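Welcome! Take a moment to look over the sequence and turn the structure around, and then we can walk through it together.

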Amino acid sequence: MKYYSTNKQASLVDFKEATISGQAPDKGLYFPEQLPAVEKELIDDIEKYPDEEIAFRVIRPYVAGSIPDDKLMQIVKETISFPIPLVKISDTISTLELFHGPTLAFKDVGARFMSRCLGYFVGGQNKKMTVLVATSGDTGGAVANGFYNVDGVEVVILYPSGKVSPVQEKQLTTLGKNIHALEIEGNFDDCQRMVKEAFTDEELKKRKFLTSANSINVARWLPQQFYYFLAYKQWADKSNPPVISVPSGNFGNICAGILANRSGLPVKHFIAACNVNDVVSGYLQTQQLRPRGAVATLSNAMDVGNPSNFVRILEIFHHRFPELKSMLSSYTITDEETTHTIREVYAKYNYTLDPHGAVGYLALKRYLDDHTGDKGLFLETAHPVKFPDAVEQYTGKKPELPASVQGIMNSKKISTVMKPHYESLKDYLLR
Ligand SMILES: *Cc1c(COP(=O)(O)O)cnc(C)c1O
């Protein structure tokens, strides 16, 4: 499989090069040259296939030529080595729980897949690769965990001191080994600026093999298709495919779902569930995408004012607006509606939503209210325990920390405290 840049000014690359470079040199996003079709028999008999076999068949055409089959199967198995259950909430609404991974959010799937691919690609070289990331919380944890113990890769994570939650900080700072946490005495913007400067420092790049673990990376984007297939495997009424609601920020997750659908996965309709950062809702009304500054909300992983993956959705539909509109709707959910939903779903169904899942639930419910006969599922993208205050306030119950995470809360934090100056980062990297 070859990948082209959505800006069309860069040369074609294979999966390996697209993964190592992340973004195309013309600043576009890499996109597969063909959309592979999954075998009809895999869809018709999906319940008979083991999860890893389904995932392997879905991803294989995308990495063909870059990773041999036996290695790819091993990577796929390690990527989805935790449960991804579809749980029924009401007669018409189910949820796909994507928070059973090591850092309790769906980003574990993409991060685990990408880290193992990169590990394989650097395995053949004698140079060590350094993955450099700035995080405001969630992404860093998933990346750190995904790369933990991967040979040949060092990970350096910058996070703003005192501005990530206690669980998130432990996820970043207790792993050790090849994972290094830099606690920056500044805010997230400082962390991002320092990382950006490193990527444009020619002297540094000569001495260090640097890469980012950005969410636009094809190796993080494409494996997100897995759980849409696994949801369908668990969907009871195959004659009435699901409407799927996806809490969306940068639109990578929902874009992977649409890609799965274009490859043959039955889905009735997609819903982009947004908080008030809803430039895509505007696009669906006016055909104009008007990026704007992000507004802080309770569902903060979706506070994005210029969704980077949206261009890939346009590409899937060949920029044909009517086709796109027939497959995708968008709803805007306010913080007040989010908290009301957490309260109501807990009272009515005894199910605890996190703020992102609550946005997904309510958007789906609104759509189904207007489309009788349809049934749907929403993706629950984070564990409620990651947002303990909001959840406790609206359910009256403190969400419990899963056993898998209790251990790290007692582990010792190890971080390097650093002033928010690029020179300090450079010295550290060249130490
Ligand atoms: C990243 C994230 C999202 C948004 O996903 P996108 O792929 O950026 O649209 C939603 N919920 C949670 C919990 C996240 O961490």
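## A covered helix

Which residues are buried in α6? They are D138, G140, G141, A142, V143, A144, G146 and F147. This is a predicted model, so please read everything below as a description of a prediction. Helix α6 covers residues 138–147, and because eight of its ten residues are buried, it is largely enclosed by the rest of the structure.

What covers these buried residues of α6? The surroundings include the helices α5, α7 (166–173) and α10 (218–221), together with the strands β6 (129–134), β7 (153–160) and β8 (179–184). If you follow the chain just past α6, you will meet N149, which takes a positive phi of about 70 degrees.

## Two nonpolar cores

F147 also has a part in a bigger picture. The largest nonpolar core has 100 residues, and F147 is listed with Y3, F15 and F113 as those with the most contacts inside it. Setting aside neighbours within four places in sequence, F147 is in contact with M114, S115, L118, V131, V153, V155, N178, I179 and A213. There is also a second, separate core of 23 residues, which includes Y331, I342, A358 and L364. In soluble globular proteins, nonpolar side chains tend to be buried together.

## Helix α5

Helix α5, one of the elements covering the buried residues of α6, is itself mostly covered, with 14 of its 17 residues buried. Its length can be checked, too. At 1.5 Å a residue, the 17 residues of α5 (residues 107–123) should span 24 Å, and the C-alpha atoms at its ends are 24 Å apart, which agrees.

## Two pairs of helices

How do α11 and α12 cross? The axes of α11 (residues 226–234) and α12 (residues 252–262) come within 8 Å and cross at roughly 60 degrees. Angles from 65 to 115 degrees count as roughly perpendicular, and α11 and α12 are therefore oblique to each other. The crossing in which α11 passes α12 is right-handed. Where they meet, α11 offers Y227, Y228 and F229, while α12 offers N253, I254, A256, G257 and A260.

Now look at α16 (residues 335–349) and α17 (residues 355–370), which pack at an angle of about 80 degrees with their axes 9 Å apart. That makes α16 roughly perpendicular to α17. On the α16 side the meeting residues are E337, T338, T341, I342, V345 and Y349, and on the α17 side they are P355, A358, V359, Y361, L362 and R366. You have seen two of these names before: I342 and A358 are included in the second core.

## Buried residues in loops

Loops can hold buried residues as well. T6 sits in the loop between β1 (2–5) and β2 (13–14), and at 11% relative accessibility T6 counts as buried. Not counting residues up to four places away in sequence, T6 touches G28, L29, F31, V311 and E315.

Most residues other than glycine have a negative phi. L104, which is not a glycine, nevertheless has a positive phi of about 65 degrees. L104 lies in the loop between β5 (93–97) and α5 and is buried, with a relative accessible area of 2%. F251 is another residue other than glycine with a positive phi, near 70 degrees. Its place is in the loop between β10 (243–247) and α12, and at 4% relative accessibility F251 counts as buried.

Technical notes. Residues numbered from 1 in each chain as written. Heavy atoms only, no water. Core = buried A, V, L, I, M, F, W, Y, C linked by side-chain atoms within 4.5 Å. Buried < 20%, exposed > 50% of the residue type's maximum accessible area, 1.4 Å probe, protein only. Contact = heavy atoms within 4.5 Å. Helix = DSSP H or I, 4+ residues; strand = E, 2+ residues; numbered from the N terminus. Expected span 1.5 Å × (residues − 1). Axes fitted to C-alpha atoms, helices over the stretch in contact; angles between N-to-C directions. Parallel < 35°, antiparallel > 145°, perpendicular 65-115°, else oblique. Left-handed = near helix turned anticlockwise from the far one by under 90°.
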